[in-house]
Amino acid sequence: MACCTNGFCCRCCCGDGETRTPEELTILGELREEGEDEILPRKDYESLDYDRCINEPHAEVLEGMENRKSKQYEAVRWIMMFSIGVTVGLVGLFVDFFVRLFTNIKFSVVADSVERCSDKGCLVLSLLELLAFNMTFIFIAGVLVLIEFQSITFKRIKLNFPFFRSDRDKRDFVSGGAAAGVAAAFGAPIGGTLFSLEEGSSFWNQALTWKVLFCSMSAAFTLNFFRSGISFNRWGAFQLPGLLNFGEFKCPEGDKDCHLWTVVDLAFFILMGIVGGLMGALFNCLNKILAKYRVKHIHPKAKFIRVLESLLVTMVTTLVIFTASMLLGECRDLPSFNSTVLSDREDINSTIRQFFCSNSTYNDMATLFFNPQEAAIHQLFHQQGTFSPVSLLLFQLLYFLLAFWTYGVGVPSGLFVPSLLCGAAFGRLVANILKVKLGFDIYSGTFALIGAAAFLGGVVRMTISLTVILIESTNEITYGLPIMITLMVAKWTGDFFNKGIYDMHIQLRGVPLLEWETEAELDRLTASELMEPSLTYVYPHTRVQSLVSILRTTAHHAFPVVTENRQNEKDFMKGNILVSNNIRFRKCSVMTRAAEQRRRCQSMKSYPSSELRNVCDEQSAAAEPSEEREDLLQQMLDRRHAPYPALYPDQSPSEEWTMEERFRPLTFHGLILRSQLVTLLIRGVCYAETQSSASQPRLSYEEMTEDYPRYPDIHDLDLALLNPRMIVDVTPYMNPCPYTVSPHTRTSQVFNLFRTMGLRHLPVVNAVGEIVGIMTRHDLTHEQLTAKLRQHHITI
């Protein structure tokens, strides 16, 4: 008997012409009381496993894999990392080409209009042209974010690599992609690898380091190869390492008194780090308030509201840019270029804006606002002319306000480059004050770079990765010490007030990303205080109706597989095949102390000491069970005398259970995922009560992971084709050996286990093999641990 739905064949789970009771229809969701809403608890984010589920299908794949084939899979993983790097590099090339194209068109059209309308008095037309360009680009970006082109298109491509259909490979490839993106943007492959380690991954191992570095190198040099060939027609020269080029920091030739920085400058760098940390903390505080407002008032509304918000931000930003350039900018003398910066001469000269100024002067505010952000950063780093301190202060203030307002809108606005630009203006302001007002002999570009590092470090609180990224971007190793000191001071200052911007948004979105370590005070708590004691579990042999009920009324992603410890199991065994199957499973999987003692005695008989042999014989005679004596397993179960409710194992947990019923002893046998249970139901993996469990269909590893990562939902299941009285044997598909901890395990030990092993669920099992609770990453977040510690103090 087979019924097909959605391309799958449901064997044994449907019956023609069967009539169901109202209770069965209610369980299957086909009958609901009037006015009753179905419970559909869901989470926005689902954690990913790193350790593989070693169940029977997976073990069969491992046993059938030859050593040669295993090496082939490892070679393909390297090829995949290389492919990810090359793809990211090509995508970066594609994005950079069109961004430069559209940006040049926009600024050339607007610049011609401003120059023409400055004399004719039609600047309103120039403003409308700039507004039309910006709002058109933002509207397209906002719509694309709502549509999300997704990788589901590639689902049709069938690759015979089952090991890639796992959370482990998914997380590894995401880590490689994050590193490749940073490497392509800044031309910093080592910095990209460290960024993925520091900010982009919640789990890391040594083997992943080399793969991620290879991926980021592939991205950086792919982009460099094509950009150098296209721009200079010198293929293979590798002259343009990244999309964001900081230029060359170099003193003019012949100027022996010039220096990039000195030991005395370190004092100013430390002060700039403190100010950068304060500004970063203020930036994060304001952005967090705004993000909370968006979550509460904008995100629940229709999606087009986010597009309207993006257009509003664009309109205000355009008005501020145009007005500030026209009214607040100062006309400064054009800088004189020398031969030492010949390679950057054309770029700097072409980005100087003379809006509203005479031919021999330029508008310093318009030069910063009417250019791409990368060009504005280049001006602040290498412009030999002077910027007015008032213009730099106003630009920094306006850009600060616009940046914290923009970050979080429904467009890919970015954070790194705006923070670098805002910080570079701060650093150039400090350099102007020290050099022009106080007469210090300093290199202005160095202070602009340190200011950029100080503000960016104060916002994101990154240390090692940001240090290496800036060193690789400037190609100046002598900047290593001042950048590192500045970032450390900025981080310490900002951490005194709040968290980094990434950590804030992770917390607001409820993503269970763990810290690197826990505080010593949290070791006052144990696993029994951190765990969730109210369990939702399944039995080794469970009816379809119970599985459907559990999956439809809970949001858990894993369920313990248990059997109950009862006094009256013998009564249930009579005439109840389902219960007898569960008890038989426990008997064959639980190790009794008597059996272990017999094995030890057999090994002790080989000892030459007669005393040991005599002791062994006495213990064996005392432990040898007789036919009249009760089963050893039953003796072990009879150690508890409290009566337990006479509930069948096919019943799911009920809210009406008493405390004693809810916390009755449960022998732990393994862990099974929600996705696995839904797959078993959809594919009809079940057997009738009148049949043996051996008649249940078996699924291979490829069949179990065919729908990865978009497993079907329980609500996508056609319940009309299910027979609720059928039984599912979950034991071949559960993980029989997950990591477990004792209820007395301290918080630091639990935390390190989650961190180092990349765990997603951690059962808490007592000394006699009974599960007493379960923990997830949500239970180890900073907020949960703080609340538990507060509760612990109140209890004491």
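**A walk through a helix-rich chain**

Let's start with one residue: V212 has a relative accessibility of 0%, so it counts as buried, since anything under 20% does. Keep in mind as we go that this is a predicted model.

Where does V212 sit? You'll find it in helix α7, which covers residues 206-232. If you set aside the neighbours within four places in sequence, V212 touches S175, G176, A179, T193, S196 and W204. Take T193 from that list: 19 residues separate T193 and V212 in sequence, yet their C-alpha atoms are 6.1 Å apart in space.

Next, have a look at helix α5, which spans residues 167-186. With its 20 residues, α5 reaches 29 Å from its first C-alpha to its last, close to the 28 Å expected at 1.5 Å a residue. Right after α5 comes G187, and its phi is positive, near 65 degrees.

Now hop over to S126, whose place is in helix α4, residues 123-147. Is S126 buried or exposed? Its relative accessibility is 0%, so S126 counts as buried. Leaving out neighbours within four places in sequence, the residues in contact with S126 are S113, V114, C117 and F322.

So much for single residues; on to a pair of helices. Two packed helices can be described by the angle between their axes and the distance between those axes. Try that on helix α14 (residues 416-437) and helix α15 (residues 444-460): they pack at about 135 degrees, and their axes are 6 Å apart. An angle of 115 to 145 degrees is neither roughly perpendicular nor roughly antiparallel, and α14 and α15 are therefore oblique to each other. The crossing in which α14 passes α15 is right-handed.

Time to step back and take in the whole chain. It holds 30 helices and ten strands. Of its 796 residues, 47% count as buried. What about contacts across the sequence? Among contacts with a separation of 6 or more, 77% are between residues 24 or more positions apart.

Finally, how confident is the predictor? The chain's mean pLDDT is 78, and 76% of the residues reach 70 or more. Over residues 29-43, though, the pLDDT is below 50, and this stretch has 24 contacts in the model beyond near neighbours in sequence. Residues 338-346 also have a pLDDT below 50, with eight contacts in the model beyond near neighbours in sequence.

Methods
Residues are numbered from 1 along each chain as its sequence is written. This is a predicted model: local features need pLDDT of at least 70, side-chain atom pairs count only at pLDDT 80 or more; totals for chains, interfaces and linings use all residues. Side-chain values use heavy atoms; hydrogens and water are left out. Helices (H or I, at least four residues) and strands (E, at least two) are DSSP runs, numbered from the N terminus. Buried means under 20% relative accessible area, exposed over 50%, partly exposed in between (1.4 Å probe, protein chains only). Contact means heavy atoms within 4.5 Å. The expected span of a helix is 1.5 Å times one less than its number of residues. pLDDT is the predictor's confidence in each residue, from 0 to 100. Axes are lines fitted to C-alpha atoms, for helices over the stretch in contact, and angles run from 0 to 180 degrees between N-to-C directions. Angles under 35 degrees count as roughly parallel, over 145 as roughly antiparallel, 65 to 115 as roughly perpendicular and the rest as oblique. A crossing is left-handed if the near helix is turned anticlockwise from the far one by less than a right angle, and right-handed if clockwise.
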